[in-house]
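The following note sets out numbered points for a reader who is new to protein structures. Please read each point with the model in view.

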Amino acid sequence: MIPLTRAQPYCPAVPLIVVQGTLGSSPDPPPDSWAEAPGMMKGLMCFFLCFFLSESRGFEIPTNGLSEFADYGDHVELAPGKFQFVPENRRYQRSISGQSGEGMEDVDQVTLYSYKVQSTITSRVANTVIQTKVVNHSPQPQNVVFDVQIPKGAFISNFSMTVDGTTFTSSIKEKTVGRALYAQARAKGKTAGLVRSRALDMEDFKTEVSVAPGAKVQFELHYQEVKWRKLGSYEHRLHLQPGRLAKHLEVDVWIIEPQGLRSLHVLDTFDGHFDGVPIVSKGHQKAHVAFRPTVAQQRKCLNCSETMVDGDLVVMYDVNREEKVGELQVFNGYFVHFFAPENMDPIPKNILFVIDVSGSMWGIKMKQTVEAMKTILDDLRTEDHFSVVDFNHNVRTWRNDLVSATKTQVADAKNYIEKIQPSGGTNINEALLRAIFILNEANNLGMLDPNSVSLIILVSDGDPTVGELKLSKIQKNVKQNIQDNISLFSLGIGFDVDYDFLKRLSNDNRGIAQRIYGNQDTSVQLKKFYNQVSTPLLRNVQFNYPQTSVTDVTQNSFHNYFGGSEIVVAGKVDPKKLGQLQSIITATSANAELVLETLAEMDGLEDFLSKDKHADPDFTRKLWAYLTINQLLAERSLAPTAAVKREITKMILQMSLDHHIVTPLTAMVIENEAGDERMLADSPPQDHSCCSGALYHGSKVTPNSVPSWVNPSPAPKVPMPAVSAQVLESTPPPHVMRVENDPHFIIYLPKSQKNICFNIDSEPGKILNLVSDPELGILVNGQLVGAKKPKNKKLSTYFGKLGFYFQREDVKVEISTETISLTGGSRTSVLSWSDTAHVLNQRVLVSVKKEKTVTITLDKEIFFSVLLHRVWKKHPINVDFLGIYIPPTNKFSPNVHGLIGQFMNEPKIHVFNERPGKDPEKPEASMEVKGQKLVVTRGLQKDYRTDRVFGTDVPCWFVHNSGKGFIDGHYKDYFVPQLYSFLRRP
């Protein structure tokens, strides 16, 4: 038996997409079978089929005279996913559960032949196609309602249907044009309606047609959306509620991510009923999820006629980003830039919670808010500062200033919140101004960490009823008083609050608004939102691209970046003007100024996309259009003048028509080939913030010039002591002190103009001191790693990790073959060798050249360069290792020491009595140094700075026995216990 529900009466609210009309059809007998349509058997988020036993027009709701962004009150929630029937001359249907067999017989005469969904996700751009087929076996006409739930913010791009052989196709028109065409259709007896829904994060698309006895009908809807990263993953949710058993039920989700898939899993949302039914196939860059339960598997029980397919199919995934902080993809004249850095310490935050405790919050809303706040306060970090402002007609503060989030203070704040008793009116204006004053005062008095992030989170369920009541005045007051380093986030509980006002308020002050649905999940929704903004990793993030070849860039400046999310920027690019696209991102982390460079080849994805039939080659254009239209809608709501608003409206309209999508300024006209049967699909008002599901509301700014510190003064063209690696400069100093593999030390002595070499034969894991200058607080140590196995009974060793410590700045830089980390105090930023970046912390600049070098500069006077050596991963013996090059300089103190540091004060040497050696190609000589007389051998060592693969031969005099006699003491004297331990000299 199919459970049915009574139709809900109409209640004005925010309009949802609707298509409705009554269509003629022939009474041909039903076919014995229905062949599947090729190719386009695609997906459904949620659909409802309602079959009415009369030819009644159903309900009719006028749409003429509505403004482009009409404000329609609350939604009416239709019972999702049910087949509904209305007996002749009955306005509302009744539940058939428990009714006579006659009613059941009517139900069984209508067959849901197929229910199919296909989603393809290419680089976060999701295209979903919904296709359903129904056969009317009843002897009477049926009103068939196709009702689909789609994600909020999705753009409908196409709709078609075939009713008993007559095909209806869609076109996008300017809204007034579409309504005029529809008005003509209404005059011929067509009906229209606007349906409301309170469904969380979903909207409704609806169309109604009359199907003659024996006829069949097919619906197909296309929509597109962008997947936004939240709390470390992307969520693709398909709402499946066919309402009855389907002969063919097929859901396919194809995911194509050039960055590579880090993780993918399907949530169990059906209480284990479909264990083993979803089949997941996952490769490095592609995945496929298939959900195809048989009719038997769909049944609630063995003999049940009811379906268990009643809920969400949820696919969660994330992409690889361990190797680099950003991904720049260029294709078909557009680029998209994904930015989601990780491995950075959180920036301390100063946070004011402004909580509405008016009478309307009484009951479950207040209980859920208190529950959420207790959890949120427990999640604050000790370096965070906070306070609580609660308001009704009065405004109170738990503390009049910000306090550190210690266990004691958090416990006291939780106790304060638990005692709140909602009552009275709502004074939003004074509450926000009080919170702003607390933050401004703390900032003016120097009480806040200059590297911290300041946030205000407003939680309210209603419009102002006390104090300033004019919303535009409240918005102006906030704008005039809030400092430009504060972000305002607004959470509106329920539907009594003016959500458009909250959006304008937040968008105008570097934040976003989010609706919280007032139910038992209110606490979960509040906590989830807080978790999204609880971990700021960067602030003042700006994306820069070459102006000569890049145009129409979307928002490229963002106040903050929060961990677990992702910033997306897109634009147009002229491939004829350049072969590569370079971006430069500037930002501030918890402990440093950052400049991150990304390089992408023009159409570098062409081969990859062409090899997969499910990949969308148009994803770059769609993503750019999606961002641009949503951002223009947000700008439209904040337009300062009517003229500016008209200009933005023209741009939105033109883009909507060009890209064939339904937006708040367009409508979809659906008609048959003759044009005498028409229906209309109006869009619901979009959220005027970019974009639905996105965490950021940014701004457009002209490209910054790269900070001067990114290009430090070039190193002096003098020799450098070296320890294995290439330098960053394109024209490196000709002479350096360096250490390469196994590790080979090459010490250049400028006064003698000679290279002296020696090797250190030690064990993996040992840490050698290279430079130790306690007087200046400068330290360089290197840790050895071993080869995979010995060669000729000798295990080679290399530097696998280098540590640089600048004591006065309290800055540590650790470089391994995998990552580069910079720690300032207790905060760390981590980069990878896949990045090209520059990080400045006080006087220390770290510059990374992708897969090549790291250069560390102190005050533009002391330079260290580290070269990365990559080997074939499957090499039976060799491993990746590092080399280091240090130019000799007089900037160290006279007491500098270490295996390299001791030669900053050059010793006198005398090489004489050159003679043939045991190897005719390697002559010997005598060398006097430090009161010692040594036998040295003439040979060649490799300098990899200009040729990273084969190296350049450097002639030198080789000192045997691990440099004995040339270095002070024994090489074991240079062992240190930790990577940042200074050398202890006897």
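1. In helix 8, the residues Tyr499, Phe501, Leu502, Lys503, Leu505, Ser506 and Asn507 are buried; buried means under 20% relative accessible area, exposed means over 50%, and partly exposed lies in between, with a 1.4 Å probe and protein chains only. Helices (H or I, at least four residues) and strands (E, at least two) are DSSP runs, numbered from the N terminus. Helix 8 covers residues 499–507, and since seven of its nine residues are buried, it is largely enclosed by the rest of the structure. The elements that cover its buried residues include helix 6 (428–444), helix 7 (471–481) and helix 11 (619–637), together with strand 23 (453–460), strand 24 (486–493) and strand 25 (513–516).

2. The basis of these values should be stated. This is a predicted model, in which local features need pLDDT of at least 70 and side-chain atom pairs count only at pLDDT 80 or more, while totals for chains, interfaces and linings use all residues. Residues are numbered from 1 along each chain as its sequence is written, and side-chain values use heavy atoms, with hydrogens and water left out.

3. The protein as a whole has 13 helices and 52 strands. Of its 986 residues, 59% count as buried. Among contacts (heavy atoms within 4.5 Å) between residues at least 6 apart in sequence, 72% join residues at least 24 apart.

4. Which residues have the most contacts inside the largest nonpolar core? They are Phe804, Ile815, Val846, Ile856, Phe864 and Phe966, in a core of 88 residues. A nonpolar core is a set of buried Ala, Val, Leu, Ile, Met, Phe, Trp, Tyr and Cys residues joined through side-chain atoms within 4.5 Å. Leaving aside residues up to four places away in sequence, Phe864 touches Ile778, Val780, Phe804, Phe806, Val854, Thr855, Ile856, Tyr885, Ile886 and Phe892. A second, separate core has 54 residues, among them Val144, Val217, Tyr234 and Leu249.

5. Aromatic rings deserve a point of their own. Rings of Phe, Tyr and Trp (its six-membered ring) pair if their centres lie within 6.5 Å; planes under 30 degrees apart count as stacked, over 60 as edge-to-face and the rest as tilted. By this rule the count is 30 aromatic pairs. The pair of Phe335 and Tyr545 is tilted, because the ring centres are 4.6 Å apart and the planes stand at 45°. Phe335 belongs to strand 18 (residues 334–339) and Tyr545 to the loop between strand 26 (536–544) and strand 27 (550–551), so the pair ties together parts that are 210 residues apart in sequence. Both Phe335 and Tyr545 are buried.

6. Phe339 and Phe543 make an edge-to-face pair, with 5.4 Å from centre to centre and 85° between the planes. This pair links strand 18, which holds Phe339, to strand 26, which holds Phe543, across 204 residues. Phe339 counts as buried because its relative accessibility is 0%, and Phe543 does so at 1%.

7. Strand 18 also belongs to an open sheet of four strands in the order 17-18-29-27, with antiparallel pairing; two strands pair if DSSP finds at least two bridges between them. At the edges are strand 17 (326–331) and strand 27, each pairing on one side only. Six bridges join strand 18 to strand 29 (residues 567–573) in the antiparallel sense, and the bridge partner of Phe335 in strand 29 is Gly571.

8. Which strands lie at the edges of the open sheet with the order 11-16-13? They are strand 11 (234–240) and strand 13 (261–266), each of which pairs on one side only. The pairing in this sheet of three strands is antiparallel. Five bridges join strand 13 to strand 16 (residues 311–319), and Val266 stands opposite Val315 in strand 16.

9. Strand 50 (residues 924–929) has five of its six residues buried, so this strand is largely enclosed by the rest of the structure. Strand 49 (residues 909–915) pairs with strand 50 in the antiparallel sense through five bridges, with Ile909 opposite Val929. Strand 50 also pairs antiparallel with strand 51 (residues 932–943) over six bridges, and Ser926 stands opposite Val935 in strand 51. Strand 50 and strand 51 form a hairpin with two residues between them, and Lys930 in the turn has a positive phi of about 55°.
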